[in-house]
Amino acid sequence: MSPRSNDSTRGSGQEATPPAGAPPAAKTPRPPSAAGRVDALRRFAAAARRGRGAHLASCAVLLAVAMTAGAVAVGGDGRDAARAVPGVSRAVGADVLLRGDLDTAIRSLQTHVRQQPRDFGAWAALGFAQVERARTDGDPSRYTRAERALARSLALRPGNDQALAGQAALAAARHDFAAALDHADRALERNPYSERALCSRIDALVELGRYAEAAKAAAVADRRRPGVPVFTRYAYVRELRGDVRTARRVLHRALDSAAGPADVAYVATALGNLERGQGRYDTALRHYARALAADDAYLPALEGRARAQAADGDRAGAITTLEQVVARSPLPGPLVALGELYEDRGDRAKAREQYALVDAWTALARAGGVDVDLDTALAAADHGDTAEALRAARAAWDRRRTVHTADALAWALHRAGRSPEALPYARRATATGYRDAAFLHHRGMIEKAAGQDRAARASLTAALRLNPGFSPLGARAARAALEDLEAAR
């Protein structure tokens, strides 16, 4: 539920966009379809399985080219499409475009900066839009494009708060939360009311595990810039501290104030995720339906609906929905979820393919400057190399001490056969009051392995009571472990 979260002229740090009136550029390859990106990931994953895993880093560069049809290599960014979109009116602020469809906004902004290459605000808006789009389409190559656009904005107007706030959002999307906090603070020095900077500051503090400071930052943001982006973050901070009632109330307030389809889809999905995490699947499905009524292509809502369907017993429907999601956005979360559903029905070959795609995506993301250690740890602990899971979990924990990294390190240690060492981390993951069935399941399994049967029964029972369908494989394992514990009494 956290609102979580590449074009370049080689060596210039700027987007390759000639000024208006320049001769036409050489035709840039069109970005591939979503199916084309997934196919590129599949080919890369197959190559890695054939024994080329040692060359993942270098191969990731080639994969990036395949995923973007050459855009990374030559600095293109869909100019053919951009020329087909009317230019942005000089009377309209660039940020207005970002309230609608991001693809349209990006094309319009690209056209605008070709015509008005010294518009620093439009360059900043373009960079931010690329970051936001990458969060849903799973294309890390957009981050390099965003980086160049933001650098261009700062070159035109040093220290402008729009670009600094964009840099904060970009750093957060790349999971460099210390840098995100620094950029956000610098932006707020120049403009204390920058909504983007206020939101990125909350995100950074949350992801650094500084929850008390995040709560204060959310309160400040609520006073300065109340609205959907701030409300949703305020709600998540409350949820992390175990205050689900307040989180729910704030999200309903945000939904009531949502002005357009994009905001409705975003907030309704956040409500769906909250309710699904509490085991209220019917309510969650109603929220996802509202989100999809506002935007039938909103991938987070489709993913949430699939997870709620699986939890509620509709595994076939969940598989169908998740197949649609990963065909368009092969991100680790839905890939693992789909793999586990395949595994649950006995289709291990298809499951292994999804897990291999996670490895391919993380290699590509790493090549794009994204810290993927937490994603790696979570996927590898259950479906990959446990030694790699432990390495990645330790690295993630060393950088940011959150409930999520504590849980990942606990589970990686347990899977590596070091359950007594894992137990303090499992306890820390559940210490803030955050109610997550997967965390409770992990804690219970670790307690069982460490010989703490009474505590294990309490944790596993709590996990299944909170969210009995939290994971097709995890819930089954939790029930089996409880049966073992009861039989041993």
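The following exercises, each with a worked solution, concern helices, helix packing and salt bridges in a predicted model.

**Exercise 1. Helix lengths**

Determine how the end-to-end reach of α16 and of α20 relates to the span expected at 1.5 Å a residue.

Solution.
- Step 1. Helix α16 covers residues 281–294, which is 14 residues. The distance from its first C-alpha to its last is 20 Å, close to the expected 20 Å.
- Step 2. Helix α20 covers residues 348–367, which is 20 residues. Its first and last C-alpha atoms lie 29 Å apart, close to the expected 28 Å.
- Step 3. After α20 comes G369, which has a positive phi, near 90°.

**Exercise 2. Buried residues of α16 and α20**

Identify which residues are buried in α16 and in α20, and state which helices the buried residues of α16 pack against.

Solution.
- Step 1. Buried means under 20% relative accessible area. In α16, the buried residues are Y281, T283, A284, H287, Y288, A291 and L292.
- Step 2. The partners of these buried residues are α14 (244–257), α15 (261–277) and α17 (299–311).
- Step 3. In α20, the buried residues are A351, Q354, Y355, A356, L357, V358, A360, W361, T362, A363, L364 and A365.

**Exercise 3. The packing of α19 and α21**

Classify the relative orientation of α19 and α21, and describe the residues of their contact.

Solution.
- Step 1. Helix α19 (residues 332–344) packs against helix α21 (residues 373–383) at an angle of about 10°, and the axes are 11 Å apart.
- Step 2. Angles under 35 degrees count as roughly parallel. The two helices α19 and α21 are therefore roughly parallel to each other.
- Step 3. From α19, the contact involves P332, V336, E340 and E343; from α21, it involves D375, A379 and H383.
- Step 4. By character, the contact residues comprise three nonpolar, one polar and three charged.

**Exercise 4. Salt bridges and exposure**

The structure holds 25 salt bridges. For the pairs D243 with R238, R315 with D344 and R399 with D371, give the N to O distance and state whether each partner is buried or partly exposed.

Solution.
- Step 1. In the pair of D243 and R238, the closest N and O atoms are 3.1 Å apart. D243 is partly exposed at 22% relative accessible area, and R238 is partly exposed at 24%.
- Step 2. R315 and D344 form a salt bridge at 2.4 Å, N to O. This pair links distant parts of the chain, as R315 belongs to helix α18 (residues 315–328) and D344 to helix α19, 29 residues apart. R315 is partly exposed, with 31% relative accessibility, as is D344, with 23%.
- Step 3. For R399 and D371, the closest N and O atoms are 2.9 Å apart. R399 lies in helix α22 (residues 386–399) and D371 in the loop between α20 and α21, so the bridge ties together parts 28 residues apart in sequence. R399 is partly exposed at 43% relative accessibility, whereas D371 is buried at 15%.
- Step 4. Salt bridges with shared partners join D371, D373, E388, R391 and R399 into one network.

**Exercise 5. The surroundings of H183**

Locate H183, state whether H183 is buried or exposed, and list the residues that H183 touches, not counting those up to four places away in sequence.

Solution.
- Step 1. H183 is part of helix α10 (residues 177–190).
- Step 2. The relative accessible area of H183 is 17%, so H183 is buried.
- Step 3. With residues up to four places away in sequence not counted, H183 touches L164, Q167, A168 and A171.

Technical notes
Residues are numbered from 1 along each chain as its sequence is written. This is a predicted model: local features need pLDDT of at least 70, side-chain atom pairs count only at pLDDT 80 or more; totals for chains, interfaces and linings use all residues. Side-chain values use heavy atoms; hydrogens and water are left out. Helices (H or I, at least four residues) and strands (E, at least two) are DSSP runs, numbered from the N terminus. The expected span of a helix is 1.5 Å times one less than its number of residues. Buried means under 20% relative accessible area, exposed over 50%, partly exposed in between (1.4 Å probe, protein chains only). Contact means heavy atoms within 4.5 Å. Axes are lines fitted to C-alpha atoms, for helices over the stretch in contact, and angles run from 0 to 180 degrees between N-to-C directions. Angles under 35 degrees count as roughly parallel, over 145 as roughly antiparallel, 65 to 115 as roughly perpendicular and the rest as oblique. Ala, Val, Leu, Ile, Met, Phe, Trp, Tyr, Cys and Pro count as nonpolar, Asp, Glu, Lys and Arg as charged, and the others, Gly among them, as polar. A salt bridge is a side-chain nitrogen of Lys or Arg within 4 Å of a carboxyl oxygen of Asp or Glu.
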